[in-house]
Amino acid sequence: LNNLKKPTFAVVKGVCLGSGFELALCARYRVVTKNALFALPEASFGLMPGLGGIYKLRNLIGAGNALEVAMGGKFIDALEAMKLGIADYMAKKNEEMDVAIGKIREMGC
């Protein structure tokens, strides 16, 4: 995902934890529904995220916020994800793919 020339979208409409969250962070844009929930809970198991999630998260929300999320296992709801910059677009339930496809068409891809 990181090396694709075309814009990439992750659609999150539920719980997005650990490696799933790190994979979503690899996409250029994230479309979420109001029940989306993000976290890197590895620290609560004595582990560190291993797919580059902390680095990507730091670039999106700053070092302090990224450390709080990664080291504290903090859960982030959809509204906070939008405010922090983790999510780019909010969609209504069952319209998330339409939002993503619409944005792709707007970009001319």
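Helices α2 and α3 sit at an oblique angle to each other in this predicted model. Let's start with how that works out. Two packed helices are described by the angle between their axes and the distance between the axes. Helix α2 covers residues 53-61 and helix α3 covers residues 63-72. Their axes come within 7 Å and cross at roughly 135°. Angles over 145 degrees would count as roughly antiparallel, and 65 to 115 as roughly perpendicular, so the α2 and α3 pair lands among the oblique ones. As for its hand, the crossing of α2 and α3 is right-handed.

Who does the touching here? On the α2 side, I54, L57, R58 and I61 make the contact, and on the α3 side they meet A63, N65, A66, V69 and A70. Sort the residues of this α2 and α3 contact by type and you get 7 nonpolar, 1 polar and 1 charged.

Now go back along the chain to helix α1, residues 18-26, which also pairs up with α2. The axes of α1 and α2 come within 9 Å and cross at roughly 50°. That makes this pair oblique too, because angles under 35 degrees are the ones that count as roughly parallel, and 65 to 115 as roughly perpendicular. The hand of the crossing between α1 and α2 is left. From α1, the contact uses F21, E22, L25 and C26, while α2 brings in G53, K56, L57 and L60. The split for the contact of α1 with α2 is 5 nonpolar, 1 polar and 2 charged. If L57 rings a bell, that's fair: it is listed in the contact with α3 and again in the contact with α1.

Next up, the charged side chains. How many salt bridges does a search of the whole structure find? The count is 5. Take K74, which takes part in a salt bridge with E68, where the closest N and O atoms are 3.4 Å apart. K74 also forms a salt bridge with E80, and there the closest N and O atoms are 2.8 Å apart. How open are these residues? E68 has a relative accessibility of 41%, so it counts as partly exposed. K74, at 26%, is partly exposed, and E80, at 21%, counts as partly exposed as well.

Another salt bridge joins K103 and E106, at 3.8 Å from N to O. Both residues belong to helix α5, which spans residues 96-106, and because they are 3 residues apart, about one helical turn separates them. K103 is partly exposed at 22% relative accessible area, whereas E106 counts as exposed at 61%. Back with the earlier trio, salt bridges that share partners tie E68, K74 and E80 into one network.

Stay with helix α5 a little longer and pick out E96. Is E96 buried or exposed? With a relative accessibility of 5%, E96 counts as buried. Leaving out residues up to four places away in sequence, E96 touches V11, K13, V31, T33 and A91.

V99 is found in α5 too. At 22% relative accessibility, V99 counts as partly exposed. Setting aside neighbours within four places in sequence, V99 is in contact with V31, Y89 and A91. You'll notice V31 and A91 among the contacts of E96 as well as those of V99. For a sense of distance, V99 and P7 lie 92 residues apart along the chain, and their C-alpha atoms are separated by 14 Å.

One last stop: G14. Where does G14 lie? Look in the loop between β1 (9-12) and β2 (15-17). Not counting residues up to four places away in sequence, G14 touches N35, A36 and L37. G14 and A43 are 29 residues apart along the chain, with 21 Å between their C-alpha atoms.

Key. Residues are numbered from 1 along each chain as its sequence is written. This is a predicted model: local features need pLDDT of at least 70, side-chain atom pairs count only at pLDDT 80 or more; totals for chains, interfaces and linings use all residues. Side-chain values use heavy atoms; hydrogens and water are left out. Axes are lines fitted to C-alpha atoms, for helices over the stretch in contact, and angles run from 0 to 180 degrees between N-to-C directions. Helices (H or I, at least four residues) and strands (E, at least two) are DSSP runs, numbered from the N terminus. A crossing is left-handed if the near helix is turned anticlockwise from the far one by less than a right angle, and right-handed if clockwise. Contact means heavy atoms within 4.5 Å. Ala, Val, Leu, Ile, Met, Phe, Trp, Tyr, Cys and Pro count as nonpolar, Asp, Glu, Lys and Arg as charged, and the others, Gly among them, as polar. A salt bridge is a side-chain nitrogen of Lys or Arg within 4 Å of a carboxyl oxygen of Asp or Glu. Buried means under 20% relative accessible area, exposed over 50%, partly exposed in between (1.4 Å probe, protein chains only).
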